[in-house]
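I am opening a notebook on this structure. The entries below follow the order in which I looked things up.

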There are 4 protein chains.
Amino acid sequence: MNIPIKKIGLVAKLQSPAATDALQTLIYHLQRRDLTFMLHQGSVDALPQLADLPIVDTVTLGKQSDLIIVIGGDGTLLHTARLLARYESRMVGINLGRLGFLADIKPTDMTNDLDAILDGHFIEEKRFLMRATAFRGKTILTRCNAVNDIVIHKWNTTHLFGFTTHINKCLLGNQRADGVLISTPTGSTAYCLSGGGPIVHPSLNALILMLLFPHTLSHAPIVLDNDSEIEVTLQLNQDIEAQLTCDGVASQTLLPGDRVTIKKHRQIYLVHPPNHDHYATLRDKLRWGYQST
Amino acid sequence: MNIPIKKIGLVAKLQSPAATDALQTLIYHLQRRDLTFMLHQGSVDALPQLADLPIVDTVTLGKQSDLIIVIGGDGTLLHTARLLARYESRMVGINLGRLGFLADIKPTDMTNDLDAILDGHFIEEKRFLMRATAFRGKTILTRCNAVNDIVIHKWNTTHLFGFTTHINKCLLGNQRADGVLISTPTGSTAYCLSGGGPIVHPSLNALILMLLFPHTLSHAPIVLDNDSEIEVTLQLNQDIEAQLTCDGVASQTLLPGDRVTIKKHRQIYLVHPPNHDHYATLRDKLRWGYQST
Amino acid sequence: MNIPIKKIGLVAKLQSPAATDALQTLIYHLQRRDLTFMLHQGSVDALPQLADLPIVDTVTLGKQSDLIIVIGGDGTLLHTARLLARYESRMVGINLGRLGFLADIKPTDMTNDLDAILDGHFIEEKRFLMRATAFRGKTILTRCNAVNDIVIHKWNTTHLFGFTTHINKCLLGNQRADGVLISTPTGSTAYCLSGGGPIVHPSLNALILMLLFPHTLSHAPIVLDNDSEIEVTLQLNQDIEAQLTCDGVASQTLLPGDRVTIKKHRQIYLVHPPNHDHYATLRDKLRWGYQST
Amino acid sequence: MNIPIKKIGLVAKLQSPAATDALQTLIYHLQRRDLTFMLHQGSVDALPQLADLPIVDTVTLGKQSDLIIVIGGDGTLLHTARLLARYESRMVGINLGRLGFLADIKPTDMTNDLDAILDGHFIEEKRFLMRATAFRGKTILTRCNAVNDIVIHKWNTTHLFGFTTHINKCLLGNQRADGVLISTPTGSTAYCLSGGGPIVHPSLNALILMLLFPHTLSHAPIVLDNDSEIEVTLQLNQDIEAQLTCDGVASQTLLPGDRVTIKKHRQIYLVHPPNHDHYATLRDKLRWGYQST
């Protein structure tokens with residue numbers, strides 16, 4: 001996106017004094033520049049002493065912001081990205097805790113890094129979202145978006161369940177497992193990694209499909225083109241309940257015969273300071289320098 | 001490729017009576033069609049009773065064939081693909097043993113399947129090769145191509161070694177391991193899978209980078225864009241020897257300070273019969289239907 | 001155990017015509033020997049046309065049987081072993097489906113193999129059970145036994161949870177994961193294997209402890225002496241529910257602060273025909289002969 | 001072992017100024033106690049300014065020492081343990097680098113910890129060694145001992161090789177792989193861990209058998225009783241060379257038809273200071289507290 005940054009949207013984590021402090025520092029600092037600000041209505045409680053700042057709803061935030069500054073951490077940024085999916089917004093994250101994979105600006109570097117970004121010095125990358133649509137017969141049960149991962153997993157039961165997976169209408173297999181996970185490259189360093197999945201570079205147009213505790217002999221994760229449509233159908237004749245989960249949020253209870261399709265859906269533009277180094281983040285977060293012996 | 005198939009190149013595994021039989025059956029059957037045939041000079045011994053068939057060198061085979069029929073198995077096809085890399089040939093494989101991932105036509109289906117292909121009914125997919133170039137200072141030690149994988153691994157020693165990996169000139173890390181493997185999607189079901197790597201769909205423009213027995217805590221395989229240039233430099237100050245191996249062929253002994261770059265390089269066009277189903281092959285080869293308990 | 005086999009207990013899977021058939025064949029065949037039979041009351045429905053056979057309760061079955069013949073599969077045998085844990089019974093399993101790890105006599109070999117066993121020609125091995133005891137403060141919530149595995153896992157939630165694990169009162173670690181699995185060697189080829197665990201020989205006095213999708217960098221399974229007492233305490237200050245599951249049976253909902261201890265508890269004596277070969281079973285079940293490429 | 005400690009053997013890493021310093025500090029400190037000291041002849045170069053200290057050969061060191069203090073790290077301790085295997089010595093390790101799994105006394109704690117140990121306050125654990133014996137026909141090619149692991153692996157070749165494994169004369173399987181590793185519990189946190197193996201508690205009488213890059217579908221590590229005899233036979237009719245490696249030391253080149261047996265062999269008594277905590281070492285070395293996200 002080559003849009004010059006004139007209008008700034010602001011989103012902050014709630015019930016976090018550190019977020020309130022950072023938000024106030026940020027507004028104070030940036031007001032010296034010729035910029036318009038707006039605060040998302042969902043973040044109003046994060047700024048108790050109201051600055052002279054318009055409060056806007058999600059639609060306005062998404063439509064009018066040239067850049068959305070998210071103050072919190074990876075979780076806050078994931079939530080905001082899902083909320084604003086349809087506006088394909090440009091976002092940058094201030095991280096109040098340990099640096100994240102997504103929100104990679106420290107509060108102490110915040111004013112410098114944002115000055116650089118507002119001066120046009122930044123790295124921008126696309127991160128695509130997925131959409132899951134759950135069907136019961138021809139009825140749509142729910143639609144939900146995910147930046148990291150979509151999981152269909154056993155729920156309220158200790159038993160694995162049977163499901164059939166198709167990729168672009170071709171049978172992948174009939175499987176029995178605790179569940180199945182579909183991850184974006186962005187999500188490959190999250191839940192997917194805990195389960196033994198590969199780390200996929202964010203620039204790659206790929207999806208990762210992984211079975212959870214499958215009842216089978218060989219079960220390497222599968223990496224697919226992200227133009228693929230994945231369809232998971234719960235087999236009939238089993239007494240189970242499953243759950244559709246998007247980025248860790250339980251979205252829909254599923255019954256035998258239900259069907260979920262998963263496809264690429266929209267994208268956000270993630271902004272990093274000019275010195276951003278993806279591999280340095282990986283080295284730090286995954287402690288590649290450390291040795292066990 | 002939309003070139004009509006008029007000229008057929010033939011390559012066959014040596015010292016295999018089954019290959020000889022299949023080659024003779026094939027020539028006899030296809031001679032009834034209005035086609036030109038040529039046999040690669042490296043396969044002459046496979047056809048002791050010479051048919052009236054021109055024997056051609058690699059250059060002619062590569063330049064003139066509209067389709068190369070390879071009789072043998074995945075190994076013969078890999079070898080032929082490396083040999084003809086610069087001609088970006090169209091190839092199809094007859095498999096004399098158990099069906100392969102690449103050579104997927106059974107001898108019993110051979111005449112039917114090839115008739116269909118020659119009638120224009122086929123599925124064609126690109127499979128890219130990689131090229132490794134090894135440097136000692138500014139001198140090029142060797143160049144070699146691989147369809148499956150390039151491995152840099154300890155050699156003649158029981159000790160792991162230290163190396164530094166860059167991706168597109170960015171540091172990935174300083175690592176100590178038994179070696180490092182870079183695989184294409186085609187190779188993801190070969191050596192890469194033995195080491196716990198993911199299965200990557202052949203259509204994906206990706207490379208897989210995996211450490212072999214690394215001396216580190218976390219070491220998930222990494223999946224990269226195949227436009228990436230990977231550079232592996234053997235660290236100085238270690239008394240080791242390493243080996244550069246392309247598709248299982250030892251290509252160059254490496255010493256401390258040596259440097260290997262790995263990049264995408266050319267492609268072949270792999271032809272399948274019209275009923276080809278990639279996932280059916282995976283299910284069969286990996287026995288996804290089988291259950292351990 | 002060197003007790004001669006005079007009294008036979010019988011347990012059969014319900015609602016299985018194959019089990020009924022096998023049970024009738026078995027009774028008919030064995031009645032020619034000088035043996036006493038008794039049928040467990042829970043299996044009465046499996047034998048609709050009552051033979052002249054005493055029907056006994058669990059206590060009598062456990063106390064009086066010199067050998068319990070279980071007709072069904074690994075699941076039926078697991079259930080019977082838990083039911084009779086306190087009697088440390090001697091058991092043999094007839095498998096109506098594909099051969100199991102535990103029940104390893106085929107219906108077609110049943111009469112021959114049982115004749116050999118009754119003639120004193122058999123292999124006997126101990127398989128120990130575990131007992132989980134769940135506490136809320138000083139109150140015991142439940143006790144349950146397992147032959148295969150005990151799992152404490154998230155329940156009704158998509159969030160991982162925090163717990164603290166001690167081994168013999170020594171801190172192993174504070175962990176966040178989807179759960180934790182403790183398996184016997186017997187269970188090492190069941191759920192444990194799906195999660196990437198090792199295969200532990202049944203003769204080894206060992207327990208396996210494995211985290212499920214842990215939020216940590218390194219998480220190899222841990223193999224411990226089976227005299228170890230494992231204690232898992234759910235951390236306070238989290239809004240979660242977890243479930244204690246024994247051999248796949250949900251046994252107790254757990255809340256923050258709850259504590260579960262897991263120890264070795266009793267054993268059964270598993271009888272095999274004289275030609276039993278543990279490694280042959282492994283080769284067959286895990287298809288070690290098969291090759292992916 | 002309840003032998004009171006009167007005679008101290010000393011072993012130090014060569015070409016390490018830190019080892020020399022620690023050795024001198026140690027001798028100076030301990031000379032105030034009523035003890036006899038002796039320095040292994042292999043460590044003479046580590047103490048250039050000779051104290052009034054007898055220099056002894058391996059036999060005397062092994063036979064006469066009540067405790068051997070090894071100054072260096074895990075590597076020096078492994079080497080000393082193999083050297084002295086037949087004397088089943090009692091050893092303690094001073095670690096000059098980052099704390100090891102075996103040598104767990106820091107130089108700064110050295111005098112305090114050794115005072116405590118000499119006063120009888122210590123934890124002692126047995127660690128068993130393995131012995132590999134390689135045969136060509138009926139000829140013994142070599143015998144070698146290992147504290148950590150024995151590996152039979154491809155050598156001077158890029159090709160996997162075929163071998164047959166027996167456990168206590170029972171066939172485990174015919175396998176094709178880059179090699180096979182047999183590890184003690186002590187070695188389970190070394191090479192074995194890099195390859196995805198489990199962590200086995202040192203008190204467990206177990207061996208771990210793991211295939212390296214096997215050409216098979218399922219290949220979980222196997223944990224066996226350490227009374228098992230493992231036999232690996234290189235299959236005939238292959239053009240390969242393999243290497244037998246003990247604790248990382250290349251010991252014997254193997255050819256098709258050669259046979260290696262591996263058995264438990266002797267033990268050492270590893271002494272720790274009284275506050276030793278095995279799980280604390282694991283937590284520290286494996287960084288279990290660290291989280292990737």
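**Entry 1, a hairpin.** I began with the hairpin of β6(B) and β7(B), which has 2 residues between the strands. There B:Gly137 takes a positive phi near 60 degrees. I note here that this is a predicted model. I then looked up how the two strands of the hairpin run: β6 (residues 123-136) and β7 (residues 139-146) of chain B pair in the antiparallel sense, over 7 bridges. As one pair to find by eye, I wrote down B:Arg131, whose bridge partner in β7(B) is B:Asn145.

**Entry 2, a sheet with strands from chains A and B.** Which strands make up the open sheet that includes β14(B), and in what order? I read the order as β12(A)-β14(B)-β13(B)-β11(B)-β8(B)-β16(B)-β17(B), which makes 7 strands with mixed pairing. The edge strands are β12 (199-200) of chain A and β17 (249-254) of chain B, and each of them pairs on one side only. Inside this sheet I checked β11 (residues 179-183) and β13 (residues 206-212) of chain B; they run antiparallel and are joined by 5 bridges. In that pairing B:Leu181 has B:Met210 of β13(B) as its bridge partner.

I also looked up a pairing between strands of chain A and chain B. Strand β14 (residues 222-225) of chain A pairs with β12(B) in the parallel sense, over 2 bridges. A:Ile222 stands opposite B:Ile199 there.

**Entry 3, a sheet with strands from chains C and D.** I found an open sheet of 7 strands in the order β12(C)-β14(D)-β13(D)-β11(D)-β8(D)-β16(D)-β17(D), again with mixed pairing. Its edge strands, each pairing on one side only, are β12 (199-200) of chain C and β17 (249-254) of chain D. At the chain D end, β16 (residues 242-246) and β17(D) pair in the antiparallel sense over 5 bridges. D:Ala242 has D:Leu254 in β17(D) as its bridge partner.

**Entry 4, how chains A and B are related.** I looked up the operation that superposes chain B on chain A: a rotation of 180 degrees with 0.0 Å of shift along its axis, at an RMSD of 0.0 Å. The two copies are therefore related as by a two-fold rotation axis. In chain B the C-alpha nearest the axis belongs to B:Pro198, 3.3 Å from it.

**Entry 5, the contact between chains A and B.** Chain B and chain A each bring 35 residues to the contact. I find that 100% of the interface residues of chain B are also interface residues in chain A, so the copies meet through the same surface. The buried area is about 3,200 Å², and carbon and sulfur atoms give 58% of it.

How many salt bridges cross this interface? The rule finds 0 between chain B and chain A. Polar contacts are present, with a count of 10 residue pairs. On the side of chain B that touches chain A, β10 (170-177), β12 (199-200), β14 (222-225) and α6 (278-286) each supply at least two residues. β10(B) gives the most, with 5 residues. I sorted the residues of that side as 20 nonpolar, 11 polar and 4 charged.

**Entry 6, salt bridges elsewhere.** A search of the whole structure finds 44 salt bridges over all chains. One of them joins A:Arg259 and A:Glu231, whose closest N and O atoms are 3.0 Å apart. This pair links distant parts of the chain, 28 residues apart: A:Arg259 is in β18 (residues 259-272) and A:Glu231 is in β15 (residues 230-234).

Definitions and conventions
Residues numbered from 1 in each chain as written. Chains lettered and ligands numbered in written order. Predicted model: local features only at pLDDT ≥ 70, side-chain atom pairs only at ≥ 80, totals over all residues. Heavy atoms only, no water. Least-squares fit on C-alpha atoms with pLDDT ≥ 70 in both. Contact = heavy atoms within 4.5 Å. Buried area = accessible area lost by both parts, 1.4 Å probe. Salt bridge = Lys/Arg side-chain N within 4 Å of Asp/Glu carboxyl O. Polar contact = N/O pair within 3.5 Å; in protein donor to acceptor, adjacent residues only side chain to side chain. Helix = DSSP H or I, 4+ residues; strand = E, 2+ residues; numbered from the N terminus. Nonpolar A, V, L, I, M, F, W, Y, C, P; charged D, E, K, R; others polar. Pairing = 2+ DSSP bridges.
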